[in-house]
Amino acid sequence: MSTSRIRRTPLLTVVVALAVALAGFIAVTGAGQARGDVPPTPGWNLQWSDDFNGANRTLPSAANWQIDLGHAYPGGPGNWGTGEIQNYTDNPDNLSLDGSGNLRITPLRDGAGNWTSGRIETKRADFKAPAGGTLRIESRIQMPNVTGQAALGYWPAFWALGSPYRGNYWNWPSIGEFDIMENVNGINSVWGVLHCGVNPGGPCNETSGIANNRACPGASCQSAFHTYRFEWDRAVSPNELRWYVDDQLFHSVAENRVDAGTWANMTSHAGYFILLNLAIGGAFPDALAGKTPTAATVPGRPMLVDYVAVWTKGASDPSTPPTTPPPTTPPPSGSSQLYLRTGGGAGDPAASAATVSLASAGGANYDGTPHNPQVFTSTGITRRHNGGATQFDLFVDASSTVANGQQVRVSYDRTSDGTWDRTETYNYFATDPLPGYEHYTQARGLKSATGALGDLAGGTVRIEVWSAIGNGASTLGVGNQSVVRIPFD
């Protein structure tokens, strides 16, 4: 699944795929049979899994997954960067367990022709091959059981994105993308794709990526469950990426296929997070069938996911007891929830609420440039970056003043050496002219960001809040009210 690309599929693949699609027929959705467990894998160490056990119409585990909503990440490219048309929701009609051990993602169309569907991604973003070892990411999936004209625009996917994408959303494809299972238009084929480097062109031939595809073994991809697996092998030289369907290898990319810098950019960061989604329309299905979906496309055919699991094996596998003591690392210090406090500090919440004033912008425009800001700082933070993004909930009020807007900038100095390694400025929040606090959150989206997040070692976080526009002062709730949640364990 791409994030900011338009797919160009090689001509031969297009011709073959179109022939298969046009020869298809509308299949009736059947009940999906779950295995009942994550299968044992001798020689591998299970690092994480979800078997999707739970009651019918309940959402997937909030401890394991976060649900993507709408048509884009906040501040990210529109339509998820791929031209897909559906609105992602957390409605159980679109996204839920089925009560039989499966996750069910169902695309629906309302009377006005609007499509909705579901997309989730793992909370963890640190899935990575250990040094000298191998990473294995696997899922057992039944694609939507629909083919032919009725399937035009269906785009199910099981894939992984590099953790630096979270909170940035504009650094694709350099951070890496592994498409473990993609399918479009109900074609009996699974695509495996690597995205990397620069867009367009580059060593991964973007926006197409380095891809291969094949028919599912035995029963078609749409009519039965199949197991889709990706391996990142650091035990061989050159390192290798491999794609499998039902244990049959169908695609591989060796490290020396791309230049050293490109390989390092997609492999040297904290790791990857995993995604499952069912898109409707967009660049990939359109490339094979013209504009999709069409009037013939039928809603309501779900993708069923039996389990997702991650294993590792190898020399520095975290599940294998080390032969020598690990290096001593400092214990975590400092809070990851920074409540803004009077006096310019940030950390644990104060016992009671208080307020500070944000000076008027005086009718000028300070969008993106702090002007007489309230500054809150927390120092001495030693914590591991978890691959997530900054979140905040600021209580702001402009009372009855018309056309005021508040803005926040969050900066990270990872070692307190005086250099801001990462600076994030968010779009300003236009408060209403009514007395009473409103919630200004990261949902407003990033206006700009520089640098990169990484582990904090005695680091400093600075939060600046100011009036970006307007002719009146505003109030910011502090003490136990406004909080910035930094993405560190």
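Which backbone oxygen lies 2.7 Å from a polar atom of the side chain of R234? That oxygen belongs to A129. Before going further, keep in mind that this is a predicted model.

**Around R234**

You'll find R234 in the loop between β14 (226-233) and β15 (240-245). With a relative accessibility of 28%, R234 counts as partly exposed. Leaving out residues up to four places away in sequence, R234 touches K128, A129, P130, A131, G132, G133, T134 and N239. If you look for E255, the C-alpha atoms of R234 and E255 are 9.6 Å apart, and the two residues are 21 residues apart in sequence.

**The whole chain**

Now zoom out. The protein chain has 489 residues, and 52% of them are buried. It contains three helices and 31 strands. Take the contacts with a separation of 6 or more: 77% of them come from residues 24 or more positions apart.

**Two open sheets**

One open sheet has seven strands, in the order β2-β8-β17-β10-β11-β12-β13, and its pairing is antiparallel. At the edges sit β2 (65-67) and β13 (210-214), each of which pairs on one side only. From one strand to the next, the twist averages 15 degrees. Inside this order, β10 (residues 154-162) and β17 (residues 272-280) run antiparallel and are joined by nine bridges. Want a spot to check on screen? W159 stands opposite L275 in β17.

Another open sheet has three strands, ordered β3-β7-β6, with mixed pairing. Its edge strands are β3 (87-88) and β6 (108-109), and each pairs on one side only. Two bridges hold the antiparallel pairing of β6 with β7 (residues 115-117). Here L108 stands opposite T116 in β7.

**Charged partners**

Side chains of opposite charge can pair when their charged atoms come close. The structure holds 17 salt bridges, including these:

| Salt bridge | Closest N to O |
|---|---|
| D233 and R242 | 3.0 Å |
| K291 and D286 | 3.8 Å |
| R409 and E464 | 2.9 Å |

The R409 and E464 pair links distant parts of the chain: R409 is in strand β24 (residues 405-413), E464 is in strand β29 (residues 456-469), and they are 55 residues apart. R409 counts as buried because its relative accessibility is 19%, and E464 is buried too, at 6%.

What about the other pairs? D233 is buried, with a relative accessibility of 6%, and its partner R242 is buried with a relative accessible area of 12%. K291, on the other hand, counts as exposed because its relative accessibility is 61%. D233 and R242 also belong to a network of salt bridges that links R229, E231, D233, E240, R242 and D247.

**A buried arginine without a salt bridge**

Finally, have a look at R383, in strand β22 (residues 374-383). Which side chain of opposite charge is nearest to R383, and how far away is it? It is D489, at 6.8 Å, and R383 is buried yet has no salt bridge. A salt bridge needs the nitrogen within 4 Å of a carboxyl oxygen, so a pair 6.8 Å apart does not count. The side chain of R383 does reach the backbone oxygen of D489, at 3.2 Å. Not counting residues up to four places away in sequence, R383 touches P332, S333, G334, S335, S336, D455, L456, F488 and D489.

Terms used. Residues are numbered from 1 along each chain as its sequence is written. This is a predicted model: local features need pLDDT of at least 70, side-chain atom pairs count only at pLDDT 80 or more; totals for chains, interfaces and linings use all residues. Side-chain values use heavy atoms; hydrogens and water are left out. Helices (H or I, at least four residues) and strands (E, at least two) are DSSP runs, numbered from the N terminus. Buried means under 20% relative accessible area, exposed over 50%, partly exposed in between (1.4 Å probe, protein chains only). Lys and Arg count as positive and Asp and Glu as negative; His and the chain ends are not counted. A polar contact is a pair of N or O atoms within 3.5 Å; within protein, one must be able to donate a hydrogen and the other to accept it, and residues adjacent in sequence count only if both atoms are side-chain atoms. Contact means heavy atoms within 4.5 Å. Two strands pair if DSSP finds at least two bridges between them. Axes are lines fitted to C-alpha atoms, for helices over the stretch in contact, and angles run from 0 to 180 degrees between N-to-C directions.
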